[in-house]
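Please work through the exercises below with the sequence and the structure open beside you. Try each task on your own before you read the solution that follows.

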Amino acid sequence: MKFGIIKERKTPPDRRVVFTPEEAARLQQEHPEAQIKVESSDIRFFTDQQYQQAGLLVTEDMTDCDVLFGVKEVPIEALIPNKKYFFFSHTIKKQAHNRKLLQSILEKNIDLYDHETIVDAQFKRLIGFGRYAGIVGAYNGLRAFGVKFELFNLPKAETLQSKDDLIQRLRRLIFPPIKIVLTGHGKVANGAKEILDGMKAKQVSVDDFLNKNFAQPVYTQIDVTDYYRRKDGAPAQKQDFYKNPTDYTSNFERFTQVADIFMAGHFFGADGPEILSREMLNASNNKIKVVADISCDVDDGPIACTLKASTIAEPFFGYLPSEHAEVPYMHPGAIIVMSIDNLPCELPKDASEGFGEMFMQHVIPAFFNGDQDGILARAKVTENGRLTERFAYLQAYVEGK
């Protein structure tokens, strides 16, 4: 079997990779029956020379590979027919802008394995860049606070090397006694928590967060039962919420009245109710002045001020609640918003190392043990020019209906 690590071709450039030179060399060592080729690239964080020094073949020709590993969407013109591909296709939620990509994958008889669809038997995701989105997103949220109030000017995360570098920069600063509310308990939110803990912000209970004053920066990490309530007044329960999200409404306003920074690290389902509304942001007692929307759900998402995805080049924009409109972030009445949708790109080394370790642990064994745990079978989106059973719901989307 021949594995290929492909060049990232999407614009703006993505410097991450599925396998670092070290992980690719380990794969080759542990499975000598496999061959690994690396497509030459002047974009990725790790150079061609580093792969060559690790004993790997770097080439321009990937046509003889059986399985091709990438990170972001492969441009239609670069797809090689009759191959197995792993990448984030951004099609499984019926994203309109990628319909042609999925159509082409089917036409070219490609077996697509989307990184998002790699799950265990309980359908829990096994790999992803979520942790690094949280790490960079939290740092950027704190950076936005310094910019908005002209207190300090942190360097961009992309100019630093690692999570430890981000934390060191934060720990050099003296923060006022700000309150930070963080939603979620998954990989994204826990990545953000690493930064808050690293900068020595104190974690406090919801009750203390809402009712007490502190002499140092504090944060509280909240879940769906903290920021949603049942419309009928019955007790909120997590599993009930997941089954019946339309029975719930936001209970987040109590946090807007005391928090300075909101870091959004939650998962948001299609039927989920709004969390932070325009009315909350426009209320006279709203204290939130910085929103770091790490989850970044733009179209009818749960955060009213996330009007768009920002970029690494232009990470911040201003939101004026009275007009529900974008304004310069230094506008006196503006809330500063950070909503970059490709945050892990700012830490390509750390993100690639972490991703490769997860891929080696959870996915690669399936190629050599007959997929005994069903990892590949569950992850496969297309096969023999058709959608697999798990993803048959995409048929109307493919047909443009």
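A salt bridge is counted where a side-chain nitrogen of Lys or Arg lies within 4 Å of a carboxyl oxygen of Asp or Glu. By this rule the structure, which is a predicted model, holds 24 salt bridges.

**Exercise 1. Salt bridges in helices**

Task: For the pairs Arg-26 and Glu-30, Glu-353 and Lys-349, and Glu-194 and Arg-131, find the N to O distance, and then decide where the partners lie.

Solution.

Step 1. Begin with Arg-26 and Glu-30, whose closest N and O atoms are 3.0 Å apart. Both residues belong to helix α1, where four residues, or about one turn of the helix, separate them. Arg-26 has a relative accessibility of 31% and therefore counts as partly exposed, and Glu-30, with 44%, is partly exposed too.

Step 2. Turn next to Glu-353 and Lys-349, which meet through their side chains at 2.9 Å, N to O. These two residues lie in helix α12, residues 348-362, again four residues apart and about one turn of the helix. Glu-353 is partly exposed at 26%, and Lys-349 is partly exposed at 28%.

Step 3. Finally, look at Glu-194 and Arg-131, for which the closest N and O atoms are 2.7 Å apart. Because Glu-194 sits in helix α6 (residues 187-198) while Arg-131 sits in helix α4, this pair ties together parts that are 63 residues apart in sequence. Glu-194 is partly exposed, with a relative accessibility of 23%, and Arg-131 is partly exposed at 32%.

**Exercise 2. A network around Asp-240**

Task: Which residues are linked with Asp-240 in a network of salt bridges, and is Asp-240 buried or exposed?

Solution.

Step 1. The network of salt bridges links Asp-240 with Arg-230, Asp-232 and Asp-247.

Step 2. To place Asp-240 in the chain, find helix α9, which covers residues 238-243 and contains this residue.

Step 3. Leave aside the neighbours within four places in sequence, and Asp-240 is in contact with Arg-230 and Tyr-248.

Step 4. The cut-off for a buried residue is under 20% relative accessible area, and Asp-240, at 18%, therefore counts as buried.

**Exercise 3. The order of a sheet**

Task: In what order do the eight strands of the open sheet stand, and which strands stand at the edges?

Solution.

Step 1. Reading across the open sheet, the order is β8-β9-β7-β12-β13-β16-β14-β15, and the pairing is mixed.

Step 2. The edges are taken by β8 (202-203) and β15, each of which has a single partner strand, so one side of each is left without a neighbour in the sheet.

Step 3. For a closer view of one pairing, take β13 (residues 290-293) and β16 (residues 335-338), which run parallel and are joined by three bridges. Within this pairing, Ala-292 has Met-338 of β16 as its bridge partner.

Step 4. Now add the helix α4, which packs on the sheet and touches β7 (179-183), β12 (261-264), β13, β14 and β16. The direction of α4 makes about 160 degrees with that of β13.

**Exercise 4. Nonpolar cores**

Task: How many residues does the largest nonpolar core have, and which helix gives the most to this core?

Solution.

Step 1. The largest nonpolar core has 77 residues, and those with the most contacts inside it are Phe-19, Phe-69, Phe-86, Leu-142 and Phe-359.

Step 2. Helix α4 gives the most to this core, contributing ten residues.

Step 3. Follow Leu-142 as an example: not counting residues up to four places away in sequence, Leu-142 touches several residues, among them Phe-152, Leu-170, Ile-195 and Met-263.

Step 4. A second core, separate from the one above, has 32 residues, including Leu-210, Phe-262, Ile-275 and Phe-317.

**Exercise 5. Backbone details in loops**

Task: Which peptide bond is cis at Pro-12, and what is the phi of Glu-150 and of His-324?

Solution.

Step 1. The bond that leads from Thr-11 to Pro-12 is cis, and its omega is near 0 degrees. Pro-12 belongs to the loop between β1 (2-5) and α1 (21-30).

Step 2. Glu-150 has a phi near 55 degrees, which is a positive value in a residue other than glycine. Glu-150 lies in the loop between α4 (130-148) and α5 (163-171), and with 68% relative accessibility Glu-150 counts as exposed.

Step 3. His-324 has a phi near 50 degrees, also positive in a residue other than glycine. The loop that holds His-324 runs between β14 (316-320) and β15 (325-327), and His-324, at 33% relative accessibility, counts as partly exposed.

Key
Residues numbered from 1 in each chain as written. Predicted model: local features only at pLDDT ≥ 70, side-chain atom pairs only at ≥ 80, totals over all residues. Heavy atoms only, no water. Buried < 20%, exposed > 50% of the residue type's maximum accessible area, 1.4 Å probe, protein only. Contact = heavy atoms within 4.5 Å. Pairing = 2+ DSSP bridges. Axes fitted to C-alpha atoms, helices over the stretch in contact; angles between N-to-C directions. Core = buried A, V, L, I, M, F, W, Y, C linked by side-chain atoms within 4.5 Å.
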